[in-house]
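Reader: I am new to reading protein structures, and I would like a close look at a single part. Please pick one strand pairing and work outward from there.

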Amino acid sequence: MATADQKQHVDLHRKLMLRRALLEQAAEGAVYLPFCGDGDIAAEVYPDRDLFAADIDPQRIATVSARFPKSTIRAADCDSWPFQDLTLPPLAVADFGAYSYPYHAFRAFWEHAPKARRLVLFFTDGQRQAIKRTGHFTDLAGKKQHLTDLSEKRARFNAYWSVWVKPWFEEAIKPYRVVALQHYLRKDMLYWGAVIERNGRNGNGRGANGARTKRTATGEGRFGPAKRKAFLEALRNGIGRGEAARSLGIGRNTPIRYGGRHADFAVAIEEAEMAANEKVENALFQAAVSGNVTACQVWLYNRVPERWQDKRQFQHTGAGGGPIDYRNLGQLSDDELKRLAGGDQPR
Ligand SMILES: C[S@@+](CC[C@H](N)C(=O)[O-])C[C@H]1O[C@@H](n2cnc3c(N)ncnc32)[C@H](O)[C@@H]1O
């Protein structure tokens with residue numbers, strides 16, 4: 001169980017950015033907030049919504065009840081559904097900000113909660129970190145696993161999001177379908193969110209023309225070596241997965257399904273995308289050191305947020321209340337920018 005002094009957040013700012021981005025597409029309606037902690041996230045992003053919150057730690061519940069006196073808040077284990085005795089309104093948002101494993105709570109919510117037609121969901125998932133550190137982790141079905149083989153660990157770690165979490169989620173939410181997905185990795189933790197909707201187009205297992213979509217178990221039949229190579233090459237050139245699949249005449253999920261059965265290919269997908277990201281990062285860095293102020297800002301806000309994000313939010317004037325002097329950023333040398341950016345290479 002969590003202790004009162006256990007740290008509630010790492011990089012709260014980034015968690016809030018993820019939420020704000022997806023909540024723009026949320027419907028009106030109440031929020032389910034298991035693992036509510038002291039309610040820091042709720043105070044920032046759900047101040048005007050009806051809140052149904054719970055946490056296992058009674059001290060947190062005392063804090064959050066004082067902060068949100070009109071909300072329904074209780075001490076409970078959120079791995080089960082904590083509001084069995086209440087009739088809730090349809091929930092439009094569910095925010096699973098657990099320390100490490102949010103999916104027991106998600107399953108309980110999915111089985112028991114009344115859900116709006118459009119739903120926004122958030123998850124904090126520490127299983128990738130667990131895979132790397134000890135190999136002991138809980139899989140998406142809720143089963144304890146222990147990976148000992150290094151290449152298996154590496155494959156699961158590298159492609160955790162694209163090969164395991166994303167396809168599992170798309171299946172688990174049916175008949176809902178994904179409208180938008182966002183994720184980021186920080187210190188091996190996975191933070192992600194989704195906008196999903198019920199009764200959408202194609203929500204009945206039929207294609208746009210009404211014909212039932214033909215699937216193979218792996219999608220392998222039409223995804224031979226030449227297409228696999230072309231798919232990876234497209235990703236390396238910065239083309240998105242959907243677009244790359246379309247251009248090869250295969251289904252959007254075919255490469256992911258193939259990756260699910262061939263860990264090497266799943267890793268190759270991640271590596272191809274990282275290669276594309278690196279090209280942009282290199283170009284961004286070159287623009288920054290050439291004095292492009294916007295490039296400097298993007299680089300610094302993302303590479304050293306703890307030192308630069310607050311400045312972006314709060315510094316509206318320069319010295320003595322005058323205009324901000326941006327020249328300093330543009331005049332930094334390559335070495336100075338590298339030092340500020342921490343010098344570490346993206347993984
Ligand atoms: C990272 S903090 C949550 C921060 C919070 N989501 C926020 O908005 O500020 C994780 C919380 O999960 C709670 N917790 C851990 N295991 C739990 C469980 N099984 N059921 C309910 N709460 C749990 C802890 O007490 C802790 O407050």
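Author: Val31 stands opposite Leu51 in β2. This is a predicted model, and the pairing is a good place to enter it. Three bridges join β1 to β2. The two strands run parallel. How does the chain get from one to the other? β1, helix α2 (residues 40-45) and β2 make a right-handed β-α-β unit.

Now look at β1 itself. Which residues sit on its two sides? Ala30 and Tyr32 are on one side. Val31 and Leu33 are on the other. All four are buried, and both faces of β1 are covered. A general rule helps here. In a regular strand, side chains alternate between the two faces of the sheet.

Just before this strand comes a loop. Gly29 is found there, between α1 (12-23) and β1. Is Gly29 buried or partly exposed? Gly29 has 19 other C-beta atoms within 10 Å. Being buried takes 20 or more. Gly29 is therefore partly exposed. What does Gly29 touch? Leave out residues up to four places away in sequence, and the list is Pro89, Pro90, Leu91, Ala92 and Ala116. Leu119 is 90 residues away along the chain from Gly29, yet their C-alpha atoms are separated by 9.4 Å.

β1 has another partner. Three bridges join strand β1 (residues 30-33) to β4, and these strands run parallel. Tyr32 has Ala94 in β4 as its bridge partner. How many residues of β4 are buried? Six of the six residues in β4 (residues 91-96) are, so the rest of the structure largely encloses this strand.

Follow β4 further. β4 pairs with strand β5 (residues 115-125) in the parallel sense, over five bridges. One pair to find on screen is Asp95, which stands opposite Phe122 in β5. The chain goes from β4 to β5 through helix α4 (residues 103-112). This β-α-β crossover is right-handed.

Stay with α4 for a moment. Its buried residues are Tyr103, Ala105, Phe106 and Phe109. Why do they belong to one side of α4? They cover an arc of only 150° around the axis, which puts them on the same side of the helix. What do they pack against? The buried residues of α4 pack against β1 and β4. That brings us back to the strand we began with.

Go back to β2 now. Strand β2 (51-55) is part of what covers the buried residues of α3. So is β3 (72-75). Which residues of α3 are buried? In this helix (residues 58-67), they are Arg60, Ile61 and Val64. Seen down the axis of α3, they fall within an arc of 100°, so they line one face of the helix. The face turned away from that buried side carries the exposed residues Pro58 and Ala66.

Next, try Ala53. Set aside its neighbours within four places in sequence. Ala53 is then in contact with Leu33, Cys36, Ala42, Val64, Ser71 and Ile73. Val64 is one of the buried residues of α3, and Leu33 is one of those in β1.

Where does this lead? It leads to the largest nonpolar core, which has 65 residues. Val31 and Ala53 touch the most other members of this core. Helix α11 (residues 263-289) gives the most to it, with six residues. Why does the core lie between two domains? Domain 1 (12-197) and domain 2 (225-273) both give residues to this core, so it lies between them. In soluble globular proteins, nonpolar side chains tend to be buried together.

Last, step back to the whole chain. The chain has 15 helices and nine strands. Buried residues make up 29% of its 347 residues. Take the contacts with a separation of 6 or more. Residues 24 or more positions apart account for 62% of them.

Definitions and conventions:
Residues are numbered from 1 along each chain as its sequence is written. This is a predicted model: local features need pLDDT of at least 70, side-chain atom pairs count only at pLDDT 80 or more; totals for chains, interfaces and linings use all residues. A residue is buried if 20 or more other C-beta atoms lie within 10 Å of its own, exposed if 12 or fewer, and partly exposed in between; C-beta atoms are placed from the backbone. The arc is that of the directions from the helix axis to the C-beta atoms. Two residues are in contact if their C-beta atoms, placed from the backbone, lie within 7 Å. A nonpolar core is a set of buried Ala, Val, Leu, Ile, Met, Phe, Trp, Tyr and Cys residues joined through C-beta atoms within 7 Å. Domain bounds come from an automatic or database domain assignment. Two strands pair if DSSP finds at least two bridges between them. A crossover is right-handed if, with the strands pointing away from the viewer, the path from the first strand over the helix to the second runs clockwise.
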